[in-house]
Amino acid sequence: MRLFALTALVMVAFAANSVLNRMAVHDAGWGPAATGFVRLASGALVLLILAIRAKGVRGLRLPGAVLGAGVATLALYIFGFSIASGLIDAGVGALTLFGMVQITMFAGALWLREAISLWRWIGAGLAFAGLAVLLLPASGAAHIDPRGFAMMALAGIGWGLYSLNGRRATDPLVATALNFALATPLALIWMLSAGDWGQGASWGWTPAILSGAVTSGLGYALWYRVLPQIPASLAAIAQLSVPLIAALGGAVLLAEIPSVRFWLAAALVIGGIALSLRRKT
């Protein structure tokens, strides 16, 4: 029961990232670069403290190739995610991110010439169809900003590549701490070049820091603690709840009521990912 509660808490934290970033960029009017910088910096601080406590300063090591790829793909994710958060609803954003991660990892499996089951082919196709449904022509509140969708799709590609690269890391907590720490200067450069610091309401600090220190930093740390204790299939299935939790959070906290089209797309994306988890061909 305790393990179930911890897993559920992590899923809420992951979903909260979409809601918190939406609050900072859209509601508080913060610039995406400033939000991304604060998220990375606060997350890096928490993760480095946890990693040093677990491994010591000398334990903060990663192969250069793994570290470089991790920093680059994490920066790509933060770039796309932060911009998209100001343009599309939290639930739609989480679903787009989730679907693109699935498609990117499927493409990575093809690139690495892994054995791919029929169910995984079908699942990837359904996930792609679900994302296409989100972009169907519509009017009024159901319209989805194509630029926001594109930037969140870019974030999904970044996170998918980050996940593929993370397979090479022997200690995920150390890897995540170093990636966050080294991606922070890139976000600082982005923020300074964009000149968006100081915009928006002062309360935007709260969701930006919470997104970095709590739902990213502590959320990832807790996930890496729980992950070895549950089957890989269960871990993957648990993550299917993230877009739905994000949609619920957006409805309650941001008054973003999901449309019928969202639920149809969610059924396709989540159903496709669920099918792709089947082991039998």
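Leaving aside its neighbours within four places in sequence, which residues is Tyr 77 in contact with? In this predicted model, Tyr 77 is in contact with Arg 39, Leu 97, Ala 155, Gly 158 and Trp 159, once the neighbours within four places in sequence are left aside.

**Nonpolar cores**

Tyr 77 is also one of the residues with the most contacts inside the largest nonpolar core, a set of 77 residues in which Leu 74 and Leu 134 are named alongside Tyr 77 for their contacts. The largest share of this core is contributed by helix H7, spanning residues 172–194, which supplies 10 residues. A second core, separate from that one, has 6 residues, among them Ala 16, Val 19, Met 23 and Leu 254. In soluble globular proteins, nonpolar side chains tend to be buried together.

**Thr 96 in helix H4**

Thr 96 lies in helix H4, and because its relative accessibility is 0%, Thr 96 counts as buried. Apart from neighbours within four places in sequence, Thr 96 is in contact with Leu 131, Leu 134, Phe 149, Met 152 and Ala 153; Leu 134 is also among the residues with the most contacts inside the largest nonpolar core.

**The contact of H2 with H8**

Two packed helices are described by the angle between their axes and the distance between the axes. For helix H2 (residues 32–55) and helix H8 (residues 205–226), the axes come within 8 Å and cross at roughly 35 degrees, and the crossing is right-handed. On the H2 side the residues that meet H8 include Thr 35, Arg 39, Ser 42, Gly 43 and Leu 50, while those on the H8 side include Trp 205, Ile 209, Gly 212, Ser 216 and Tyr 220. The residues of this contact divide into 11 nonpolar, 7 polar and 1 charged. Arg 39, which takes part in the contact of H2 with H8, is also in contact with Tyr 77.

**Positive phi outside glycine**

Most residues other than glycine have a negative phi, and most peptide bonds are trans. Arg 113 has a positive phi although it is not a glycine, and the same description applies to Ala 255, which also has a positive phi without being a glycine. The table sets out their values and the loops in which they are found.

| Residue | Phi | Loop | Relative accessibility |
|---|---|---|---|
| Arg 113 | about 60 degrees | between helix H4 (90–111) and helix H5 (118–134) | 78%, exposed |
| Ala 255 | about 60 degrees | between helix H10 (242–254) and helix H11 (260–276) | 61%, exposed |

Arg 113 counts as exposed because its relative accessibility is 78%, and Ala 255 counts as exposed because its relative accessibility is 61%, the cut-off for exposed being over 50%.

Key. Residues are numbered from 1 along each chain as its sequence is written. This is a predicted model: local features need pLDDT of at least 70, side-chain atom pairs count only at pLDDT 80 or more; totals for chains, interfaces and linings use all residues. Side-chain values use heavy atoms; hydrogens and water are left out. A nonpolar core is a set of buried Ala, Val, Leu, Ile, Met, Phe, Trp, Tyr and Cys residues joined through side-chain atoms within 4.5 Å. Buried means under 20% relative accessible area, exposed over 50%, partly exposed in between (1.4 Å probe, protein chains only). Helices (H or I, at least four residues) and strands (E, at least two) are DSSP runs, numbered from the N terminus. Contact means heavy atoms within 4.5 Å. Axes are lines fitted to C-alpha atoms, for helices over the stretch in contact, and angles run from 0 to 180 degrees between N-to-C directions. A crossing is left-handed if the near helix is turned anticlockwise from the far one by less than a right angle, and right-handed if clockwise. Ala, Val, Leu, Ile, Met, Phe, Trp, Tyr, Cys and Pro count as nonpolar, Asp, Glu, Lys and Arg as charged, and the others, Gly among them, as polar.
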